[in-house]
Amino acid sequence: MTNQQRLWDSLMTIAQIGATEKGGSRRLALTDLDREARDLFVRWCEEAGCTVSVDAMGNIFARRAGTSDALPPVLAGSHLDTQPNGGKFDGVFGVLAALEAVRTLNDHAIETKRAIEIVDWTNEEGSRFAPAMISSGVFGGAFELDYALGQTDVDGKTMAEELARIGYTGEAAVGGRPLAAYLEAHIEQGPILEAEAKTIGVVQGAQAQRWFEVTLTGQDAHAGTTPMNRRRDALVSAASIVTEVDRIGRSVVDGRATVGMMQVGPNSRNTIPGTCFFTVDMRHPDEDTLLGMSTELREYAAGIAADHGVEIDLREIWHSPPVVFDRHCIDAVQASVVDAGFAHMAIASGAGHDACYVARVAPTAMIFVPCVDGISHNELESATPEDLGAGAEVLVRSMIRLANE
Ligand code: GLV
Ligand code: MN
Ligand code: MN
């Protein structure tokens, strides 16, 4: 039913916006490149006959009317922003698979009872502005609008300023309207489907996450003249904590623990670093285990800071609890996979997704397709046109099912 080649061509066209040398995309949220991708997406949606609206978080909705248009719609999508060294598929696939669903309905002149909407959520990645999934988080009631709009990037620019700068501060209220269902197609970003030789993952839920920001303050001092026993080196303390974060992640089954971002001050080769800022991302499917991991981090970090004579400010800036998706939506996906005849399995998400927050206000499910070697958040991220086409096929069938209820 869906047009695999058209989906692939659309993915490759968006991937050119911010294309990187190794074949990925660098399209951080609310940059000029994000605007370019948004503008193209809006044009494509309008060409497909949709009515486009933008909300106060810059989330873009494109609506294809239903025959009973007053009923709550079925929404599907994901995000067009990427990691700094991002791939071509993370997020973009879910947005363009939803667009492919609308194009397919148009091709076959299929009407649905409920309206179908496509969404591009703003700043899913959480790379430029923390936390991740912030705009679907406002939609889902997890964050206040003012909190989200006030979040800053490393240069101190707020989301509100950057939304206005690229012309995507919308008029519509964020959320507060009923949805019949939300579906998100995504590459798995892990190795399971490939290893199990399955084309489709029927996603049951997602694991919990906690994000921390740590600032260590020691003392800038001369690298040549300061004896080793008189130093308060913030980076040396950070190094111990980074190693401990990794150890904690390995110490529990299914643990994940990562320091992905660090800023060292004054960042001069012959000055002992007096400050060090870094982030910690911890995840686990079980809430109590995750809490235990974060307690270990806090205790170890406080001890190191005391031993090294540096001050520590450790803040938990985000907690995303585990999510269980809606049984009825999962069943609709499952039935569609069976109809379409693809090899499939139930799977849990290791990554965070906008679906995790939308699930708070609407029946939600996700569809995964394999990606090569499970590699993601990497320019080399790769998926086949056939698997992506299969994911879009399952998406459109699930959307039709739910939109005709
Ligand atoms: C989303 O990109 C995540 O970090 O899970
Ligand atoms: Mn994603
Ligand atoms: Mn991502």
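In the predicted model, the manganese ions designated ligand 3 and ligand 2 are separated by 3.7 Å, and Asp90 coordinates both of them. The protein donors of the manganese ion (ligand 3) are Asp90 (OD), Glu125 (OE), Glu125 (OE) and His377 (NE2), at distances of 2.1 to 2.5 Å. Along the chain, the donors of ligand 3 follow the spacing D-x34-E-x251-H. Glu125 is placed in the loop between strand S4 (116–120) and helix H4 (134–139), and His377 in the loop between strand S16 (364–369) and H12, so this pair ties together parts that are 252 residues apart in sequence. The two residues fall into separate accessibility classes: Glu125 counts as buried because its relative accessibility is 7%, whereas His377 is partly exposed, with a relative accessible area of 42%.

The manganese ion (ligand 2) has as its protein donors His79 (NE2), Asp90 (OD) and His186 (NE2), which lie 2.0 to 2.3 Å from the ion. The spacing of these donors along the chain is H-x10-D-x95-H. Both His79 and Asp90 belong to the loop between strand S3 (74–78) and helix H3 (92–107), and they are 11 residues apart. His79 is buried, since its relative accessibility is 0%. Asp90, the residue that coordinates both manganese ions, has a relative accessibility of 5% and therefore also counts as buried.

Ligand 1 is surrounded by Glu124, Glu125, Arg283, Ala351, Gly352 and His377. By class, this shell comprises one nonpolar, two polar and three charged residues. Two members of the shell, Glu125 and His377, are also among the donors of the manganese ion (ligand 3). An N or O atom in the side chain of Glu125 lies 2.9 Å from an oxygen atom of ligand 1, and an N or O atom in the side chain of His377 lies 3.1 Å from an oxygen atom of this ligand. A backbone contribution comes from Gly352, of which a polar backbone atom is 2.7 Å from an oxygen atom of ligand 1. On its own, ligand 1 has 190 Å² of accessible area, and the protein covers 93% of that area.

Beyond the ligand sites, helix H12 comprises residues 385–403. This helix of 19 residues reaches 26 Å from its first C-alpha to its last, close to the 27 Å expected at 1.5 Å a residue. H12 is mostly covered, with 15 of its 19 residues buried. The loop between S16 and H12, in which His377 is placed, also contains Asp373. Phi of Asp373 is near 60°, a positive value in a residue other than glycine. Asp373 is classed as exposed because its relative accessible area is 57%. A positive phi, near 50°, is likewise found at Ala109, again a residue other than glycine. Ala109 is located in the loop between H3 and S4, and its relative accessible area of 65% places this residue in the exposed class.

Strand S16 includes Thr364, which counts as buried because its relative accessibility is 1%. A polar atom of the Thr364 side chain lies 2.9 Å from the backbone oxygen of Ala362. Val245, in helix H8 (residues 234–251), is also buried, with a relative accessible area of 1%. Val245 and Thr258 are 13 residues apart along the chain, and their C-alpha atoms are separated by 6.7 Å.

Cis peptide bonds are present at two proline residues described here. The bond joining Ala130 and Pro131 is cis, with omega about -5°. Pro131 is found in the loop between S4 and H4, where Glu125 is also located. The peptide bond from Gly265 to Pro266 is cis as well, with omega near 0°. Pro266 lies in the loop between strand S10 (262–265) and strand S11 (271–272).

Conventions
Residues numbered from 1 in each chain as written. Chains lettered and ligands numbered in written order. Predicted model: local features only at pLDDT ≥ 70, side-chain atom pairs only at ≥ 80, totals over all residues. Heavy atoms only, no water. Near = heavy atom within 4 Å. Polar contact = N/O pair within 3.5 Å; in protein donor to acceptor, adjacent residues only side chain to side chain. Areas by Shrake-Rupley, 256 points an atom, 1.4 Å probe, with all protein chains shown as cover. Nonpolar A, V, L, I, M, F, W, Y, C, P; charged D, E, K, R; others polar. Donors = N, O, S within 2.8 Å, 3.2 Å for Na, K, Ca; no water. Helix = DSSP H or I, 4+ residues; strand = E, 2+ residues; numbered from the N terminus. Buried < 20%, exposed > 50% of the residue type's maximum accessible area, 1.4 Å probe, protein only. Expected span 1.5 Å × (residues − 1).
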